[in-house]
Amino acid sequence: MEKILQVSHLSKKYHTLKEEIEALKDINFSVSRGEFISIVGPSGCGKSTILSIIDGLFEKSSGEIKMSDNISISYMLQDDCLLPFRTILDNCLIGLEVTGNLTSESRQYVIHLLKTYGLEKFMDQYPKHLSGGMRQRCALIRTLATKPDILLLDEATSALDYQTSLAISDDIYQIIKKEGKTAIMVTHDISQAISMSDRIIVLTKRPAIVKKVYELSFDSHLTPIQRRKTKDFSSYYDQIWRDLDVHI
Ligand code: ADP
């Protein structure tokens with residue numbers, strides 16, 4: 001598969017007035033087109049920092065991020081960040097507006113996405129009319145509107161209750177696969193990572209290094225919820241739980 005992103009020897013130190021925080025130390029991984037990759041690790045180990053550096057929001061301290069030509073990235077945050085005074089359609093058009101790419105064609109593409117993914121009836125309504133799961137689906141469509149090659153998902157369902165989180169993880173997975181996108185997801189939720197990913201990168205606690213990489217071998221027809229019912233799922237869970245060395 002075509003490699004579209006290569007992260008090499010990535011390190012990051014934050015400097016505050018009081019201290020230096022070494023978040024990342026020599027992180028290496030590559031991403032191929034169409035892959036769904038999850039990064040898991042203890043809270044505060046530097047997962048979100050990796051996404052922010054890939055997206056260009058934060059400077060790296062050293063190392064290299066190499067991207068193939070013409071690869072675009074879009075970041076979906078933990079909070080859906082929908083503006084309450086804009087309709088669902090207008091919320092989904094924001095990225096196109098601010099990048100100067102709003103045309104009748106790109107607008108039609110967003111309407112097509114809203115129709116395909118069950119939000120047609122809500123297009124002219126406001127975020128307060130949507131359930132938590134629908135809001136997250138709307139945030140995903142806003143992220144897809146600019147036709148990015150790679151989606152960065154940061155704890156995309158952690159603000160939702162458990163049942164909704166399972167359902168929306170299924171939705172997000174199926175939409176990303178159907179649209180042929182590449183995804184890098186950061187999560188503290190081992191089960192979510194196993195249910196959605198082709199590959200999982202396990203980080204150590206801070207300063208984070210890559211502890212282990214899992215290539216998951218589930219039947220490609222299984223949805224995230226169906227994966228959860230397999231034997232392999234529990235076995236991956238046990239292994240990653242041990243890797244994270246969580247003391248209660
Ligand atoms: P994770 O996503 O794994 O929870 P983060 O990438 O958010 O971890 O943060 C990694 C570490 O870097 C944490 O200890 C956090 O407090 C610190 N950190 C994150 N952002 C900043 C910042 N802007 N300034 C200083 N320290 C930061």
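# Briefing: an open mixed sheet and its surroundings

In this predicted model, Phe-36 stands opposite Ala-183, a residue of strand E7. That pairing belongs to an open sheet of six strands, ordered E5-E6-E7-E3-E8-E9 and mixed in its pairing. The points below follow the sheet from its edges to strand E7, and then turn to the helices, the nonpolar cores, the largest pocket and two loop residues.

**The sheet and its edges**

- Strand E5, residues 73-76, and strand E9, residues 210-215, each have a single partner strand and stand at the edges, so one side of each is left without a neighbour in the sheet.
- On average, and with direction ignored, neighbouring strands of this sheet are turned by 15° against each other.
- E5 runs parallel to strand E6, residues 150-154, and is joined to E6 by four bridges; within this pair, Ile-73 stands opposite Ile-150 of E6.

**Strand E7**

- E7 runs parallel to E3, with five bridges joining the two, and E7 also runs parallel to E6, where five bridges again make the connection.
- Leu-153 has Met-185 of E7 as its bridge partner.
- Six of the six residues of E7 are buried, so this strand is largely enclosed by the rest of the structure.
- The two faces of E7 are both covered, with Thr-182, Ile-184 and Val-186 buried on one side and Ala-183, Met-185 and Thr-187 buried on the other.

**Helices H1 and H5 across the sheet**

- Helix H1, residues 47-54, lies across strands E3, E5, E6, E7 and E8, and runs at about 145° to E7.
- Seven of the eight residues of H1 are buried, so H1 is largely enclosed by the rest of the structure; the buried residues are Lys-47, Thr-49, Ile-50, Leu-51, Ser-52, Ile-53 and Ile-54.
- Just after H1 comes Gly-56, which takes a positive phi of about 85°.
- Helix H5, residues 162-178, lies across E3, E5, E6 and E7, and its direction is at about 140° to E3.

**Nonpolar cores**

- The largest nonpolar core has 37 residues, of which Phe-36, Val-110, Leu-114, Leu-119, Ile-141, Leu-153 and Ile-172 touch the most other members.
- Two or more residues of this core come from each of helix H2 (88-98), helix H3 (104-116), helix H4 (132-144), E6, H5 and E7, and the largest share, six residues, is given by H4.
- Leu-153 touches Phe-36, Leu-51, Met-76, Ile-172, Ile-176, Ala-183, Ile-184, Met-185 and Val-186, when residues up to four places away in sequence are not counted.
- Another core, of 25 residues, lies apart from the largest one, and its members include Leu-10, Ile-50, Ile-184 and Val-186.

**Helix H2 and the largest pocket**

- In H2 the buried residues are Ile-88, Leu-89, Asn-91, Cys-92, Leu-93, Gly-95 and Leu-96, and what covers them includes H3 and H4.
- H2 is followed by Gly-100, whose phi is positive, near 70°.
- The largest pocket holds about 260 Å³ of space, and its lining consists of Ile-73, Ser-74, Tyr-75, Cys-81, Leu-83, Ile-94, Gly-95, Val-98, Thr-99, Arg-142, Thr-143 and Thr-146.
- E5, H2 and H4 are the elements that give two or more residues to the lining of this pocket.

**Two loop residues: Ser-43 and Leu-160**

- Ser-43 has its place in the loop between E3 and H1, and Ser-43 counts as exposed because its relative accessibility of 72% lies above the cut-off of over 50%.
- Although 144 residues separate Ser-43 from Thr-187 in sequence, their C-alpha atoms are 9.1 Å apart in space.
- Leu-160, placed in the loop between E6 and H5, is buried, because its relative accessible area of 17% falls under the 20% limit.
- The contacts of Leu-160, leaving out residues up to four places away in sequence, are Gly-132, Gly-133, Gln-136, Ser-165 and Ile-168.
- Leu-160 and Ile-194 are 34 residues apart along the chain, and their C-alpha atoms are separated by 18 Å.

Notes. Residues are numbered from 1 along each chain as its sequence is written. This is a predicted model: local features need pLDDT of at least 70, side-chain atom pairs count only at pLDDT 80 or more; totals for chains, interfaces and linings use all residues. Side-chain values use heavy atoms; hydrogens and water are left out. Two strands pair if DSSP finds at least two bridges between them. Axes are lines fitted to C-alpha atoms, for helices over the stretch in contact, and angles run from 0 to 180 degrees between N-to-C directions. Contact means heavy atoms within 4.5 Å. A nonpolar core is a set of buried Ala, Val, Leu, Ile, Met, Phe, Trp, Tyr and Cys residues joined through side-chain atoms within 4.5 Å. Buried means under 20% relative accessible area, exposed over 50%, partly exposed in between (1.4 Å probe, protein chains only). On a 1 Å grid over the protein atoms alone, a cavity is a set of points where a 1.4 Å probe fits but cannot get out, and a pocket is an open set with protein on both sides within 12 Å along at least five of seven lines; lining residues have an atom within 4 Å of a point. Grid points are joined across faces, edges and corners, and a volume is the space filled by probe spheres set on the points.
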